Each structure stands twice: as structure tokens, then as C-alpha cells.
Amino acid sequence: MFDYIKGTLVYITPEYIVLDNQQIGYQVRCPNNYQFQKYMHEEMIIYTYHYVREDQFTLYGFETREEKMLFQKLIQVSGIGPKGALAILASGHPEHIVQAIEEENEQFLVKFPGVGKKTARQIILDLKGKLDDLAPDLFRAATTEIMVPVQTEENSALKEAIEALKALGYSEREIKKITPTLEQETGTTDMYLKRALQLMLK
């Protein structure tokens with residue numbers, strides 16, 4: 001229904017962002033909400049997917065069309081809902097997901113919350129060989145973004161990242177296991193979240 005929304009980013013929570021377009025605030029759920037902090041109070045474009053069920057009308061948003069297309073492929077797999085697909089995409093490396101599917105790497109896929117061996121096998125069965133339209137763009141060389149670390153007295157950035165991990169479906173036990181490592185580092189919420197997801201997928 002909506003291909004994209006162009007508006008001003010006015011609010012970020014662990015579960016969603018709010019984009020103001022002509023004085024209407026659109027609540028959009030994204031894989032990593034804090035990756036958009038750099039656009040706070042600025043105009044941006046987010047590619048959206050309108051998920052409709054009998055009791056649910058939700059907008060999901062993505063930084064690129066390729067991420068959106070991969071999300072749409074994932075939610076077609078039996079056992080993968082929108083929340084599970086977001087958790088998979090939150091790793092920030094769609095090319096690794098495509099590679100894991102093509103190489104039938106179940107060990108990589110089961111590291112995501114809600115993905116057991118049966119679901120990992122289903123993802124591979126349903127999607128292997130069907131991501132050719134994504135692969136050329138997803139395997140392009142990634143550009144590295146340099147961000148200035150930000151640290152506050154209460155380290156609110158780390159707390160926000162932990163809340164975002166919970167929203168993605170990671171358990172308290174999994175989060176506690178990596179928290180000591182994160183506490184030794186400094187950064188923005190986005191940086192903490194990306195680092196946490198790297199640790200989760202090891």
C-alpha cells in the first residue's frame with residue numbers, strides 16, 4: 001500500500017520510530033530503530049511494508065529497498081512472522097543472511113531469536129535460489145560509517161540498546177551474557193546494538 005514515507009523523524013523508541021508527514025505521525029517498526037538517530041528532527045525516506053491481519057495493522061520500515069524485499073521473502077516462510085523477520089534483519093548484514101541461506105548454513109540461522117533447526121531448514125528450503133534479485137545489491141562492498149562515541153553518566157545509550165534487544169525477542173539470559181562486554185565499550189545506541197548483535201551471532 002505504501003512504498004515509502006518521506007517525513008521528519010520526531011521520536012525513537014526500542015520498538016518503533018515516529019515519522020511526521022504533513023502533521024500525521026506514522027509509527028514504523030524497524031529492524032534497528034537507532035540506526036536512524038542521525039536523522040533526528042530531519043527529513044528522511046523510509047521504505048515501508050504495510051502488514052495487515054484481522055487484528056493488526058502495522059507499518060514496517062527499512063533503510064533500503066533490498067532490506068524491504070528480504071523482509072517480504074522472510075515473512076512468507078512458515079514459522080517466520082514480522083517480529084522474527086525484523087530480528088533477523090537487525091544484524092545489519094542482509095548479505096550474510098542471503099549467503100547463509102544459499103550455503104545452507106543452519107548454524108548461522110538458528111542464532112536468531114525464535115529460529116530453531118526446523119525453522120532454519122524451512123527458510124533454506126523456501127528461499128534458497130530465490131534471492132538472485134537481491135544478491136547483486138546485497139553483496140556490494142559496504143561503506144563504513146564513522147560515528148563519534150557518546151557516553152552519558154547513566155549510559156542511557158546502552159540501556160536503550162538492551163531494550164531494543166528485548167523488543168527483537170532476545171531473552172534476558174542471552175542479553176546478560178553479552179552485557180559485561182558491552183559495558184567495557186562506549187558509543188551511541190546504534191553502535192551498542194550493532195555490537196550486541198555481532199556478539200549474539202558468534
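Helix axes here are lines fitted to C-alpha atoms over the stretch in contact, and angles run from 0 to 180 degrees between N-to-C directions. Keep that in mind for the helix stops. The model is predicted.

**Stop 1: the whole chain**

Show the chain as a cartoon. The chain holds nine helices and five strands. Colour from the N terminus on, and the order reads β-β-β-β-β-α-α-α-α-α-α-α-α-α. Now colour by accessibility. Of the 202 residues, 44% are buried. Then consider contacts between residues at least 6 apart in sequence: 58% of them join residues at least 24 apart.

**Stop 2: helix 8 against helix 9**

Select helix 8, residues 172-183, together with helix 9. Their axes come within 10 Å and cross at roughly 120°. Angles of 65 to 115 degrees count as roughly perpendicular and those over 145 as roughly antiparallel, so helix 8 and helix 9 fall in the oblique class. Helix 8 passes helix 9 in a right-handed crossing.

Show side chains next. On the helix 8 side, pick E174, I175, I178, T181 and L182. Facing them in helix 9 are Y192, R195, A196, L199 and M200. By class, this contact has seven nonpolar residues, one polar and two charged.

**Stop 3: helix 7 against helix 9**

Keep helix 9, residues 189-200, on screen and add helix 7, residues 156-168. These axes come within 8 Å and cross at roughly 50°. That angle makes helix 7 oblique to helix 9. The crossing of helix 7 over helix 9 is right-handed.

Which residues of helix 7 meet helix 9? Select A157, L158, E160, A161, A164 and L165. Their partners in helix 9 are T189, Y192, L193, A196 and L197. The contact of helix 7 with helix 9 comprises nine nonpolar residues, one polar and one charged.

Two residues of helix 9 deserve a label. Y192 and A196 appear in the contact with helix 7, and Y192 and A196 also appear in the contact with helix 8.

**Stop 4: aromatic rings**

Hide the helices and show the rings of Phe, Tyr and Trp. A pair of aromatic rings is described by the distance of the centres and the angle of the planes. The count comes to eight aromatic pairs.

Go to F36 and Y39. Their ring centres lie 6.5 Å apart, with 35° between the planes, and the pair is tilted. Are these two residues buried or exposed? F36 is buried, at 1% relative accessible area. Y39 is partly exposed, at 26%.

Move to Y49 and F71. This pair is edge-to-face, 5.7 Å centre to centre and 65° between the planes. It links distant parts of the chain: Y49 sits in strand 4 (residues 43-53) and F71 in helix 1 (residues 65-74), 22 residues apart. Y49 counts as partly exposed, at 22% relative accessibility. F71 counts as buried, at 0%.

Now widen the selection. Y49, Y51, Y60, F62 and F71 form one aromatic cluster.

**Stop 5: E67 in helix 1**

Stay on helix 1 and centre on E67. Is E67 buried or exposed? With a relative accessible area of 10%, E67 is buried, because the cut-off for that class is under 20%. Leave aside neighbours within four places in sequence, and E67 is in contact with F62, L89 and P94. F62 also belongs to the aromatic cluster of the previous stop.

**Stop 6: I80 in the loop**

Follow the chain past helix 1. I80 lies in the loop between helix 1 and helix 2 (82-89). I80 is buried, at 6% relative accessible area. Draw a distance from I80 to G114: the C-alpha atoms are 8.2 Å apart in space, with the two positions 34 residues apart in sequence numbering.

What does I80 touch beyond its neighbours within four places in sequence? Select L74, I75, A85, I88, V115, T119 and I123.

**Stop 7: E106 in helix 4**

Finish at E106, in helix 4 (residues 106-109). E106 is partly exposed, at 23% relative accessible area. Draw a C-alpha to C-alpha distance to R121: it reads 6.7 Å, for residues 15 apart in sequence. Neighbours within four places in sequence aside, E106 is in contact with K117, A120, R121 and I124.

Technical notes:
Residues are numbered from 1 along each chain as its sequence is written. This is a predicted model: local features need pLDDT of at least 70, side-chain atom pairs count only at pLDDT 80 or more; totals for chains, interfaces and linings use all residues. Side-chain values use heavy atoms; hydrogens and water are left out. Helices (H or I, at least four residues) and strands (E, at least two) are DSSP runs, numbered from the N terminus. Angles under 35 degrees count as roughly parallel, over 145 as roughly antiparallel, 65 to 115 as roughly perpendicular and the rest as oblique. A crossing is left-handed if the near helix is turned anticlockwise from the far one by less than a right angle, and right-handed if clockwise. Contact means heavy atoms within 4.5 Å. Ala, Val, Leu, Ile, Met, Phe, Trp, Tyr, Cys and Pro count as nonpolar, Asp, Glu, Lys and Arg as charged, and the others, Gly among them, as polar. Rings of Phe, Tyr and Trp (its six-membered ring) pair if their centres lie within 6.5 Å; planes under 30 degrees apart count as stacked, over 60 as edge-to-face and the rest as tilted. Buried means under 20% relative accessible area, exposed over 50%, partly exposed in between (1.4 Å probe, protein chains only).
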